[in-house]
Amino acid sequence: MDVHNLIFQGADYHYKGKLDEAISKFQAAVKMDPQNEYAHNQLGILYAKKERFDAALSEFLKVTQIDERNTYALLWLGILYMKQGNLDQGFARFQRIIEIDPTNADAYYFMGAIYNFRHNTARGIDYLKKARDADSDEPDTHYRLAQAFHNLDMTANAHLEYQRSLVLKPSYTKAINGIGWIYYNRGDRSAAIAEWKKILKINPKDRDAIFNLAKAYNDLAWEAKERGQTKEAISYWKKTLGVDPKNKAALSYLKKYLGREP
Amino acid sequence: MMDRRRFLKWVGKGILSSSGVWLGTRSIAWGKSAFDYALEGQDLIAAKRFAEARDVLMEAVRLDPTSDWAHGLLGRAYHGLNQNAEAVEAFRKAVRLNPADTYSRMMIEIITQKPINKLKKPPQPLSPLEKKAKAEEEAMLGNLSSEGGLTYQVKRVVIDPGHGGFDSGAVGPTGLKEKDVALDLAQRVNQEIAKTGKIKSFLTRTDDYYIPLSDRTVIANQYQADLFVSIHINANENRKAQGCETYFCSETASSKEAARVAAFENAVLQYDEPFKKRPGYIDIEQILFHFERRLYWKESGKFAGTFQNHFQQALPFKSRGVHSANFFVLRRAKMPSILLETGFISNHAEESELKKVSVRDKIAAAVVRGIFHGRA
């Protein structure tokens, strides 16, 4: 069997989720053609899926030894180094990709994400904008860009990017969560609550949405209580329990103001 | 357009494959159908007449944009002409129409292993929100270019006075309450930070009311905080126990005592569900999530060391060092976070020190120094 057939069969097995069969085809392919970058890259991905991360790393390193400009292998090396928690090695690979290919959206994305993790959001924005401009169809890029803008109080940009991520992936609950906070911090609590309720329709167990709603209702309850509107406060604490039945604040204040267990 | 990263994820999902069969119906019109053009294109590719193949295949996809087969063939024609950006675009359309098209998938992966030129998209008119965002960005452009490096940056801090309301926390021998000392210290820290004007600070509570643990980290996330500092006063059944210590979050407790403190502060139902791993799938966002969390924990450890050093230098309390434990209040924060135990309220001498304004000022000043020390 020729190497091209082995590769096609390996790719087909891979897409069918038959990882062991795919590995055996690609192993045969690299035996026949040790310089085949695609086959080594596929083996790298397959090993990673089998959680054989050292073997995966070794395959991608082989590719970069064959051709150090193979950006696919460099990208996965960067990802695997990040998986190991090795910031410097990961960062260096993404930087190298950008030197080779200044339009590589993935490398910009990971660089932007790393700067975001360091809370250097200005740099994060710089890289994530490049990722977005190189490929505007990636919801995660828009989401992380939105987060960075949000951190700098650039709420119009944050809102826009959250929305863009939702256009591409309407179930992106983290983006809805972010829009909720923009509304909340602007004082539009009902709009914020409506956003977080949307999340619960997508995932009724979403902990961010549950805790955000509980906090919002608790805030409203406490404010009502401070105004002397105990009845209103009670109705909000009940709403808190509607989303978070074990919320200690709502349970305790309801017990206190109702004079009994809620 | 489907990009490489999304494609990698898609590959990771192991979508079923088929051989890319023509699914459209043959037109009964008088002229040539999309199928006829595609068939002709296929023959031209086989004859290596790629430019002619491209032209007839463009006609095929114009007549039937839903034909993954025609798009796949167009991709091959472009590839034969070394127009790799156009080839990838055509193969991606084929895969989008038929995720099981193994050949087109493989071609995308092979071509995109190396850099290719990108196709330019025509500019679109701006929406009202886009115009607003553009104006905002222009107004803040100066700020955006002013920072650099991978040093962790702190521009916003959330200060969390522990306990409150019906939850008094620990109570000293003469009745001093942890919740009151914690609130007073937090307010002092907040005021000191405000005076500097360098970073923004927020309090999780400003009065004597109870907020659950979950709300405290929600507030930190609400303000997109870069650092979360929870202020507590320690207590022990042994009234001789004394000193100040700093905790940060980690998966396992650094000592039995750290585990005990975490268990005391965590007196709440935990919501975290174990991460459900999907076999045969690489979740890149999950890798990033774990990477981010590890970085924050590492950074929290550094902050904890800094805070404890400042306590050791400035406070009239013995230093009990830095510890790590799995605190609920710290774990859900999406930023480095630490928990300070500024003395033992259960110790008679330290309770009396904690009543003094001068000691509280010293504690607040040490906390502020800890915050600024970690700031680039």
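In this predicted model, strand E1, helix H9 and strand E2 of chain B make a right-handed β-α-β unit, and this unit is a convenient place from which to enter the structure. The two strands of the unit, E1(B) and E2(B), pair in the parallel sense over four bridges, and within that pairing Val158(B) stands opposite Phe202(B), which belongs to E2(B).

From this unit the view can be widened to the sheet. E1(B) and E2(B) belong to an open sheet of six strands in chain B, whose order is E2-E1-E3-E6-E4-E5 and whose pairing is mixed. Strand E2, residues 200-203, and strand E5, residues 319-325, stand at the edges of this sheet, and because each has a single partner strand, one side of each is left without a neighbour in the sheet. From one strand to the next, the twist averages 20°. Further along the order, strand E3 (residues 227-234) and strand E6 (residues 337-344) of chain B are also paired in the parallel sense, here over six bridges, and Asn234(B) is found opposite Phe344(B) of E6(B).

Two helices of chain B can now be placed against these strands. Helix H9, which spans residues 178-196 of chain B, lies across strands E1 (156-161), E2, E3 and E6 and runs at about 145° to E3(B). Helix H12 of chain B, residues 284-314, lies across E3, E4 (244-249), E5 and E6, and its direction makes an angle of about 175° with E4(B). Strands E3 and E6 of chain B thus appear in the list for H9(B) and again in the list for H12(B).

H9(B) also has a helical partner. It packs with helix H15 (residues 357-373) of chain B at an angle of about 55°, the two axes being 9 Å apart, and that angle makes H9(B) oblique to H15(B). The crossing of this pair is right-handed. On the side of H9(B) the contact is made by Asp184(B), Leu185(B), Arg188(B), Val189(B), Glu192(B) and Ile193(B), while H15(B) contributes residues including Arg360(B), Asp361(B), Ile363(B) and Ala364(B). Sorted by class, the residues of this contact comprise nine nonpolar and five charged, with no polar residue.

Chain A offers two helix pairs for examination. In one, helix H4 (residues 53-66) and helix H5 (residues 71-83) of chain A pack at an angle of about 150°, with their axes 9 Å apart, and H4(A) and H5(A) are therefore roughly antiparallel to each other. H4(A) passes H5(A) in a left-handed crossing. Among the residues that meet here are Phe53(A), Leu57(A), Phe60(A) and Leu61(A) in H4(A), and Leu74(A), Trp76(A), Leu77(A) and Leu80(A) in H5(A). The residues of this contact divide into 11 nonpolar, one polar and one charged.

In the other pair, helix H11 (residues 173-185) and helix H12 (residues 189-202) of chain A pack at an angle of about 165°, their axes lying 7 Å apart, and H11(A) and H12(A) are therefore roughly antiparallel to each other. The crossing of H11(A) and H12(A) is left-handed. The residues in H11(A) that take part include Ile176(A), Ile179(A), Gly180(A) and Tyr183(A), and they meet residues in H12(A) that include Ala192(A), Trp196(A), Ile199(A) and Ile202(A). Nine nonpolar, three polar and three charged residues make up the contact of H11(A) with H12(A).

It remains to consider how the two chains meet. In the model, 63 residues of chain A are in contact with 63 residues of chain B. On the side of chain A that touches chain B, helix H13 (residues 207-226) of chain A gives the most, with seven residues. The residues on this side of chain A divide into 27 nonpolar, 18 polar and 18 charged.

Notes:
Residues are numbered from 1 along each chain as its sequence is written. Chains are lettered from A and ligands numbered from 1 in the order in which they are written. This is a predicted model: local features need pLDDT of at least 70, side-chain atom pairs count only at pLDDT 80 or more; totals for chains, interfaces and linings use all residues. Two strands pair if DSSP finds at least two bridges between them. Axes are lines fitted to C-alpha atoms, for helices over the stretch in contact, and angles run from 0 to 180 degrees between N-to-C directions. Two residues are in contact if their C-beta atoms, placed from the backbone, lie within 7 Å. Angles under 35 degrees count as roughly parallel, over 145 as roughly antiparallel, 65 to 115 as roughly perpendicular and the rest as oblique. A crossing is left-handed if the near helix is turned anticlockwise from the far one by less than a right angle, and right-handed if clockwise. Ala, Val, Leu, Ile, Met, Phe, Trp, Tyr, Cys and Pro count as nonpolar, Asp, Glu, Lys and Arg as charged, and the others, Gly among them, as polar. A crossover is right-handed if, with the strands pointing away from the viewer, the path from the first strand over the helix to the second runs clockwise.
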